[in-house]
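Please walk through this protein with me, beginning with a space between its atoms and moving on to the strands and helices.

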Amino acid sequence: MESVILQTHGISVKYGNFPALDDVSICLKHKHIYGFIGENGAGKTTLMKVLTGLLYPTSGTFSLFGKSRPCDILKMRRQIGSTIEAPALYPEYSAYRNLELQRILVGNPDEEICDKLLEMVGLTEVKDKKAGTFSMDMKQRLSIAMALVGKPRLLILDEPINGLDPKNISALRSLLKRLNEENDVTLFLSSHILNELYLLATDYYMIHKGRIIASLTHDELDEKLSVTGQSFEEYFLSITGGDSNV
(Lines give C-alpha, C1' and ligand atoms only; values in the text may rest on other atoms or scores of the structure.)
Protein backbone atom coordinates (compact mmCIF):
# COMPACT_ATOMS: atom_id res chain seq x y z
CA MET A 1 0.00 0.00 0.00
CA GLU A 2 1.29 3.44 -0.96
CA SER A 3 2.18 5.62 2.00
CA VAL A 4 0.32 8.89 2.47
CA ILE A 5 2.59 11.93 2.64
CA LEU A 6 -0.05 14.54 3.37
CA GLN A 7 -3.80 14.49 3.91
CA THR A 8 -6.21 17.34 4.58
CA HIS A 9 -9.71 17.05 6.01
CA GLY A 10 -12.18 19.84 5.36
CA ILE A 11 -9.71 22.73 5.27
CA SER A 12 -11.49 26.07 5.06
CA VAL A 13 -10.10 29.61 5.11
CA LYS A 14 -12.34 32.66 5.32
CA TYR A 15 -11.46 36.32 4.95
CA GLY A 16 -14.47 37.94 6.57
CA ASN A 17 -17.39 36.36 4.73
CA PHE A 18 -15.31 35.38 1.71
CA PRO A 19 -14.43 31.64 1.53
CA ALA A 20 -10.91 31.48 0.08
CA LEU A 21 -10.95 27.71 0.72
CA ASP A 22 -14.14 25.74 1.26
CA ASP A 23 -13.98 22.23 2.76
CA VAL A 24 -10.82 21.17 0.90
CA SER A 25 -9.76 17.55 1.33
CA ILE A 26 -6.79 16.15 -0.60
CA CYS A 27 -4.44 13.21 -0.22
CA LEU A 28 -0.86 13.21 -1.49
CA LYS A 29 0.84 9.83 -1.84
CA HIS A 30 4.53 8.99 -1.81
CA LYS A 31 6.44 9.64 -5.03
CA HIS A 32 3.49 10.99 -7.02
CA ILE A 33 3.60 14.29 -8.92
CA TYR A 34 0.46 16.34 -8.36
CA GLY A 35 -0.61 19.12 -10.67
CA PHE A 36 -2.74 21.70 -8.84
CA ILE A 37 -4.91 23.59 -11.29
CA GLY A 38 -7.17 26.59 -10.89
CA GLU A 39 -7.79 30.10 -12.11
CA ASN A 40 -6.32 33.17 -10.43
CA GLY A 41 -7.98 33.56 -7.03
CA ALA A 42 -9.24 29.97 -6.93
CA GLY A 43 -7.34 29.18 -3.72
CA LYS A 44 -4.16 27.46 -4.93
CA THR A 45 -1.70 29.70 -3.12
CA THR A 46 -3.92 29.87 -0.04
CA LEU A 47 -3.87 26.08 0.34
CA MET A 48 -0.11 25.98 -0.20
CA LYS A 49 0.32 28.60 2.53
CA VAL A 50 -1.75 26.48 4.92
CA LEU A 51 0.30 23.37 4.16
CA THR A 52 3.62 25.17 4.70
CA GLY A 53 2.53 26.93 7.89
CA LEU A 54 2.31 30.45 6.46
CA LEU A 55 -1.42 30.64 7.13
CA TYR A 56 -3.74 29.06 9.70
CA PRO A 57 -6.99 27.53 8.44
CA THR A 58 -10.30 28.78 9.78
CA SER A 59 -11.37 25.16 10.19
CA GLY A 60 -10.30 21.64 9.24
CA THR A 61 -7.31 19.45 10.02
CA PHE A 62 -4.47 17.74 8.21
CA SER A 63 -1.74 15.20 8.75
CA LEU A 64 1.83 15.31 7.48
CA PHE A 65 3.95 12.18 7.14
CA GLY A 66 1.41 10.40 9.33
CA LYS A 67 1.53 12.99 12.12
CA SER A 68 -1.48 15.15 13.02
CA ARG A 69 -0.63 16.83 16.34
CA PRO A 70 0.36 20.50 15.80
CA CYS A 71 3.72 20.03 17.54
CA ASP A 72 4.50 17.02 15.32
CA ILE A 73 3.40 18.80 12.15
CA LEU A 74 5.77 21.63 13.02
CA LYS A 75 8.67 19.16 13.13
CA MET A 76 7.57 17.36 9.97
CA ARG A 77 7.49 20.63 8.01
CA ARG A 78 11.29 20.50 8.05
CA GLN A 79 10.89 17.80 5.39
CA ILE A 80 9.01 20.17 3.08
CA GLY A 81 10.70 22.40 0.52
CA SER A 82 8.62 25.17 -1.00
CA THR A 83 8.41 28.32 -3.06
CA ILE A 84 5.22 30.30 -2.54
CA GLU A 85 4.36 33.32 -4.70
CA ALA A 86 7.47 35.41 -5.52
CA PRO A 87 10.98 34.01 -4.92
CA ALA A 88 12.11 34.83 -1.36
CA LEU A 89 15.71 35.93 -1.83
CA TYR A 90 18.19 38.31 -0.22
CA PRO A 91 18.86 40.67 -3.17
CA GLU A 92 22.15 42.06 -1.81
CA TYR A 93 23.65 38.60 -1.32
CA SER A 94 25.13 36.34 -3.97
CA ALA A 95 23.37 33.23 -5.21
CA TYR A 96 25.82 31.11 -3.24
CA ARG A 97 25.35 33.15 -0.05
CA ASN A 98 21.56 32.85 -0.33
CA LEU A 99 21.89 29.09 -0.48
CA GLU A 100 24.45 28.97 2.31
CA LEU A 101 22.18 30.94 4.64
CA GLN A 102 19.31 28.60 3.81
CA ARG A 103 21.55 25.59 4.48
CA ILE A 104 22.38 26.93 7.93
CA LEU A 105 18.74 27.78 8.60
CA VAL A 106 17.47 24.26 7.83
CA GLY A 107 20.41 22.61 9.57
CA ASN A 108 21.87 20.69 6.63
CA PRO A 109 25.51 19.82 7.53
CA ASP A 110 26.45 19.09 3.90
CA GLU A 111 28.73 22.02 2.99
CA GLU A 112 28.90 20.90 -0.64
CA ILE A 113 25.14 21.04 -1.19
CA CYS A 114 25.15 24.68 -2.34
CA ASP A 115 27.53 24.07 -5.24
CA LYS A 116 25.66 20.89 -6.17
CA LEU A 117 22.34 22.73 -6.32
CA LEU A 118 23.76 25.67 -8.25
CA GLU A 119 25.03 23.24 -10.86
CA MET A 120 21.71 21.40 -10.84
CA VAL A 121 19.74 24.56 -11.69
CA GLY A 122 22.36 25.95 -14.09
CA LEU A 123 23.60 28.90 -12.01
CA THR A 124 27.20 27.89 -11.31
CA GLU A 125 28.66 30.60 -13.55
CA VAL A 126 26.75 33.35 -11.69
CA LYS A 127 27.12 31.97 -8.17
CA ASP A 128 28.96 35.09 -6.97
CA LYS A 129 26.58 37.63 -8.49
CA LYS A 130 23.98 39.40 -6.35
CA ALA A 131 20.54 37.81 -6.54
CA GLY A 132 19.03 41.26 -6.96
CA THR A 133 20.65 41.57 -10.39
CA PHE A 134 19.17 38.31 -11.65
CA SER A 135 16.47 38.03 -14.30
CA MET A 136 13.11 36.56 -13.27
CA ASP A 137 14.18 33.28 -14.85
CA MET A 138 17.37 33.13 -12.76
CA LYS A 139 15.56 34.15 -9.56
CA GLN A 140 13.05 31.39 -10.12
CA ARG A 141 15.78 28.78 -10.56
CA LEU A 142 17.62 30.02 -7.46
CA SER A 143 14.39 29.89 -5.47
CA ILE A 144 13.89 26.26 -6.48
CA ALA A 145 17.46 25.47 -5.45
CA MET A 146 16.75 27.03 -2.05
CA ALA A 147 13.67 24.83 -1.69
CA LEU A 148 15.92 21.81 -2.19
CA VAL A 149 18.61 22.70 0.37
CA GLY A 150 16.97 20.69 3.13
CA LYS A 151 16.68 17.58 0.93
CA PRO A 152 12.87 17.58 1.22
CA ARG A 153 10.59 14.57 0.92
CA LEU A 154 7.76 16.85 -0.24
CA LEU A 155 8.31 19.76 -2.62
CA ILE A 156 5.56 22.38 -2.92
CA LEU A 157 6.05 24.82 -5.80
CA ASP A 158 3.67 27.66 -6.63
CA GLU A 159 3.92 28.49 -10.34
CA PRO A 160 7.53 27.24 -10.64
CA ILE A 161 7.78 27.85 -14.38
CA ASN A 162 6.59 31.46 -14.17
CA GLY A 163 9.12 33.62 -15.98
CA LEU A 164 11.12 30.73 -17.44
CA ASP A 165 11.94 30.56 -21.13
CA PRO A 166 11.12 27.35 -23.09
CA LYS A 167 14.65 25.96 -22.71
CA ASN A 168 14.64 26.35 -18.95
CA ILE A 169 11.07 25.07 -18.65
CA SER A 170 12.26 21.85 -20.29
CA ALA A 171 15.32 21.73 -18.01
CA LEU A 172 13.16 22.25 -14.92
CA ARG A 173 10.78 19.50 -16.02
CA SER A 174 13.73 17.12 -16.34
CA LEU A 175 15.05 18.18 -12.92
CA LEU A 176 11.70 17.63 -11.20
CA LYS A 177 11.28 14.23 -12.83
CA ARG A 178 14.75 13.26 -11.68
CA LEU A 179 14.06 14.38 -8.12
CA ASN A 180 10.87 12.36 -8.14
CA GLU A 181 12.34 9.20 -9.63
CA GLU A 182 15.83 9.16 -8.09
CA ASN A 183 15.29 10.96 -4.77
CA ASP A 184 11.74 9.77 -4.03
CA VAL A 185 10.47 13.35 -3.73
CA THR A 186 6.70 13.85 -3.84
CA LEU A 187 5.75 16.99 -5.79
CA PHE A 188 2.76 19.33 -5.46
CA LEU A 189 2.89 21.94 -8.24
CA SER A 190 0.58 24.70 -9.38
CA SER A 191 0.75 26.14 -12.87
CA HIS A 192 -1.32 27.99 -15.44
CA ILE A 193 0.51 26.19 -18.25
CA LEU A 194 -1.56 23.03 -18.46
CA ASN A 195 0.46 21.47 -21.27
CA GLU A 196 3.55 21.50 -19.04
CA LEU A 197 1.67 19.92 -16.14
CA TYR A 198 0.40 17.29 -18.54
CA LEU A 199 3.99 16.35 -19.43
CA LEU A 200 4.95 16.04 -15.77
CA ALA A 201 2.09 15.17 -13.42
CA THR A 202 0.88 11.71 -12.44
CA ASP A 203 -2.24 13.09 -10.72
CA TYR A 204 -4.32 16.25 -10.71
CA TYR A 205 -6.39 18.29 -8.27
CA MET A 206 -8.57 20.99 -9.80
CA ILE A 207 -9.86 23.85 -7.67
CA HIS A 208 -12.51 26.44 -8.50
CA LYS A 209 -13.75 29.20 -6.20
CA GLY A 210 -12.10 27.58 -3.20
CA ARG A 211 -13.52 24.08 -3.73
CA ILE A 212 -11.90 20.96 -5.18
CA ILE A 213 -14.02 20.14 -8.23
CA ALA A 214 -12.04 17.23 -9.67
CA SER A 215 -9.40 14.71 -8.62
CA LEU A 216 -8.04 12.30 -11.19
CA THR A 217 -4.96 10.41 -12.30
CA HIS A 218 -3.11 11.09 -15.53
CA ASP A 219 -4.62 7.95 -17.08
CA GLU A 220 -8.12 9.03 -16.05
CA LEU A 221 -7.51 12.45 -17.60
CA ASP A 222 -6.33 10.82 -20.83
CA GLU A 223 -9.49 8.72 -20.93
CA LYS A 224 -11.73 11.77 -20.48
CA LEU A 225 -9.87 13.73 -23.16
CA SER A 226 -10.09 10.77 -25.53
CA VAL A 227 -13.84 10.36 -25.01
CA THR A 228 -14.66 14.07 -25.27
CA GLY A 229 -12.09 15.02 -27.91
CA GLN A 230 -11.17 18.02 -25.79
CA SER A 231 -7.79 19.52 -25.02
CA PHE A 232 -6.69 19.71 -21.38
CA GLU A 233 -7.63 23.39 -21.20
CA GLU A 234 -11.01 22.77 -22.86
CA TYR A 235 -11.76 20.03 -20.34
CA PHE A 236 -10.91 22.31 -17.43
CA LEU A 237 -13.08 25.08 -18.87
CA SER A 238 -15.95 22.63 -19.30
CA ILE A 239 -15.98 21.63 -15.61
CA THR A 240 -15.73 25.24 -14.44
CA GLY A 241 -18.56 26.34 -16.70
CA GLY A 242 -16.14 28.35 -18.78
CA ASP A 243 -15.51 30.60 -15.79
CA SER A 244 -11.74 30.51 -15.85
CA ASN A 245 -8.67 32.48 -16.91
CA VAL A 246 -6.22 29.55 -16.80
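**Pockets, strands and helices**

By class, the lining of the second largest pocket divides into eight nonpolar, five polar and one charged residues. This is a predicted model, and everything described here should be read with that in mind. The second largest pocket holds about 320 Å³ of space, and its lining is made up of 14 residues, among which Tyr56, Phe62, Pro70, Ile73 and Arg77 lie nearest the centre. Two elements, β5 (59–64) and α2 (70–76), each supply at least two residues of that lining.

The strand β5 leads to another part of the fold, where strand β1 (residues 4–15) pairs with several partners. Strands in a sheet pair through backbone hydrogen bonds, in either the parallel or the antiparallel sense. Between β1 and β5 there are five bridges, and the two strands run antiparallel; within this pairing, His9 stands opposite Thr61 in β5. With strand β3 (residues 27–29), β1 pairs over three bridges, again in the antiparallel sense, and here Leu6 stands opposite Leu28.

A further partner of β1 is strand β2 (residues 18–24), which is joined to β1 by four bridges and runs antiparallel to it. One of the pairs between them is formed by Tyr15 and Phe18, the latter being the bridge partner in β2. The hairpin of β1 and β2 has two residues between the strands, and in this hairpin Gly16 takes a positive phi near 70°.

A separate arrangement to trace is an open sheet of six strands, which follow one another in the order β6-β7-β8-β4-β9-β10 with mixed pairing. Its edge strands are β6 and β10 (211–217), each of which pairs on one side only, and from one strand to the next the twist averages 15°. Inside this sheet, strand β7 (residues 154–158) and strand β8 (residues 186–190) run parallel and are joined by five bridges; Asp158, for instance, has Ser190 in β8 as its bridge partner.

The edge strand β6 also brings us to the largest pocket, in which about 720 Å³ of space lies. The elements that give two or more residues to the lining of this pocket are β6 (80–83), α3 (95–106) and α5 (136–147), and among them α3 gives the most, with five residues. In total, 26 residues line the largest pocket, and those nearest its centre are Ile80, Ser82, Gln102, Leu105 and Val106. Sorted by class, the residues of this lining comprise 13 nonpolar, 10 polar and three charged.

What, finally, is the angle at which the axes of α3 and α5 cross? Two packed helices are described by the angle between their axes together with the distance between those axes. For α3 and α5, the axes come within 9 Å and cross at roughly 25°. Angles under 35 degrees count as roughly parallel, and α3 and α5 are therefore roughly parallel to each other. In passing α5, α3 makes a right-handed crossing. These two helices thus link the last step of the walk to the one before, as α3 and α5 each give two or more residues to the lining of the largest pocket.

Conventions
Residues are numbered from 1 along each chain as its sequence is written. This is a predicted model: local features need pLDDT of at least 70, side-chain atom pairs count only at pLDDT 80 or more; totals for chains, interfaces and linings use all residues. Side-chain values use heavy atoms; hydrogens and water are left out. On a 1 Å grid over the protein atoms alone, a cavity is a set of points where a 1.4 Å probe fits but cannot get out, and a pocket is an open set with protein on both sides within 12 Å along at least five of seven lines; lining residues have an atom within 4 Å of a point. Grid points are joined across faces, edges and corners, and a volume is the space filled by probe spheres set on the points. Ala, Val, Leu, Ile, Met, Phe, Trp, Tyr, Cys and Pro count as nonpolar, Asp, Glu, Lys and Arg as charged, and the others, Gly among them, as polar. Two strands pair if DSSP finds at least two bridges between them. Axes are lines fitted to C-alpha atoms, for helices over the stretch in contact, and angles run from 0 to 180 degrees between N-to-C directions. Angles under 35 degrees count as roughly parallel, over 145 as roughly antiparallel, 65 to 115 as roughly perpendicular and the rest as oblique. A crossing is left-handed if the near helix is turned anticlockwise from the far one by less than a right angle, and right-handed if clockwise.
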